[in-house]
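Please open the model in your viewer and set the side chains to be shown as sticks. This tour will suggest what to select at each stop and say what is there.

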Amino acid sequence: MVDRQSIENLARFGVTASPSSMLNGTVRFERKVVLFNNVAVRDCSFGSYSYVAPYGHLLFADVGRYCSIGNNVAVGGSDHPMEHLSTSPAFYDRVFGGQAWTPQPYDNRGDRVVIGSDVWLAAHCRVLPGVTVGDGAVVGMGAVVAKDVPPFAVVVGNPARIIRQRVSDALQERLTALAWWDYDWPGAPAAAGLDWRQPAQTVSRMEELVAAGAIERLGPAVVQVQERPAGAPDQTPS
């Protein structure tokens with residue numbers, strides 16, 4: 001669970017973490033991030049205006065800005081030594097309190113997952129270790145993603161497959177060049193009147209506002225949660 005001091009420190013930075021969340025390893029936040037109840041995180045980073053809904057489980061992942069991660073979503077994971085005599089962590093970790101002898105070292109960290117910006121991971125989907133999900137992509141409810149997802153693609157199913165693009169190729173190019181997710185639109189008075197329901201019409205005005213310097217760029221400042229004590233059992237096994 002997240003201790004009270006950590007919650008208060010995060011809150012001062014604009015990060016909201018439920019007391020029932022679990023943060024293991026090194027977890028880095030930009031401002032304006034929300035972790036709802038019973039979220040488990042290990043060695044991750046989160047960009048501004050991203051949230052994780054209840055019971056999300058993320059290991060070894062870098063999450064971009066303006067991301068929506070639904071309830072019961074699982075991202076990344078730990079490895080188990082399939083080439084060893086046993087795959088159980090009883091022989092290399094301290095999940096059960098340790099061994100009566102010195103175990104052979106085993107790094108159980110899975111390959112990192114990269115989630116771009118403005119990505120929606122719908123409820124109950126699964127993103128496997130080593131996958132990159134591109135900017136603007138959508139992963140449908142219950143999908144299992146084993147391969148990289150291109151920017152602005154919509155994928156569904158097990159294994160996940162592309163069913164369509166969110167926007168036209170021409171609009172993708174403009175949105176990518178603009179990189180609108182690098183700017184603080186919710187906090188900008190100049191953004192009043194933008195119709196987010198009409199992307200093709202709105203992107204022109206967004207380009208003008210950015211060119212005029214009317215929208216503040218999101219800063220790189222982060223707050224970091226301290227790593228768990230050395231030798232403490234991992235609270236987020238795969």
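The stops below follow a group of aromatic rings in this predicted model.

Begin with an overview by colouring the aromatic side chains, among which the structure holds nine aromatic pairs. Next, select Tyr49, Tyr66, Trp180, Trp181, Tyr183, Trp185 and Trp196 together, and you will have one aromatic cluster on the screen.

From that cluster, keep Trp180 and Trp196, whose rings form a tilted pair, with 6.4 Å from centre to centre and 55° between the planes. Both residues belong to the loop between α2 (169-178) and α3 (199-211), where they stand 16 residues apart, and the pair is one that links distant parts of the chain.

Are these two residues buried or exposed? Trp180 is buried, because its relative accessible area is 10% and buried means under 20%. Trp196, by contrast, counts as partly exposed at 46% relative accessibility, because that value lies between the 20% limit for buried and the 50% limit for exposed.

Now leave Trp196 selected and add Trp185, whose ring centre lies 5.9 Å from that of Trp196, with the planes at 80°, so this pair is edge-to-face. Trp185 and Trp196 both lie in the loop between α2 and α3, so their pair ties together parts that are 11 residues apart in sequence. Finally, show the surface around Trp185, which counts as buried at 3% relative accessibility.

Definitions and conventions:
Residues are numbered from 1 along each chain as its sequence is written. This is a predicted model: local features need pLDDT of at least 70, side-chain atom pairs count only at pLDDT 80 or more; totals for chains, interfaces and linings use all residues. Side-chain values use heavy atoms; hydrogens and water are left out. Rings of Phe, Tyr and Trp (its six-membered ring) pair if their centres lie within 6.5 Å; planes under 30 degrees apart count as stacked, over 60 as edge-to-face and the rest as tilted. Helices (H or I, at least four residues) and strands (E, at least two) are DSSP runs, numbered from the N terminus. Buried means under 20% relative accessible area, exposed over 50%, partly exposed in between (1.4 Å probe, protein chains only).
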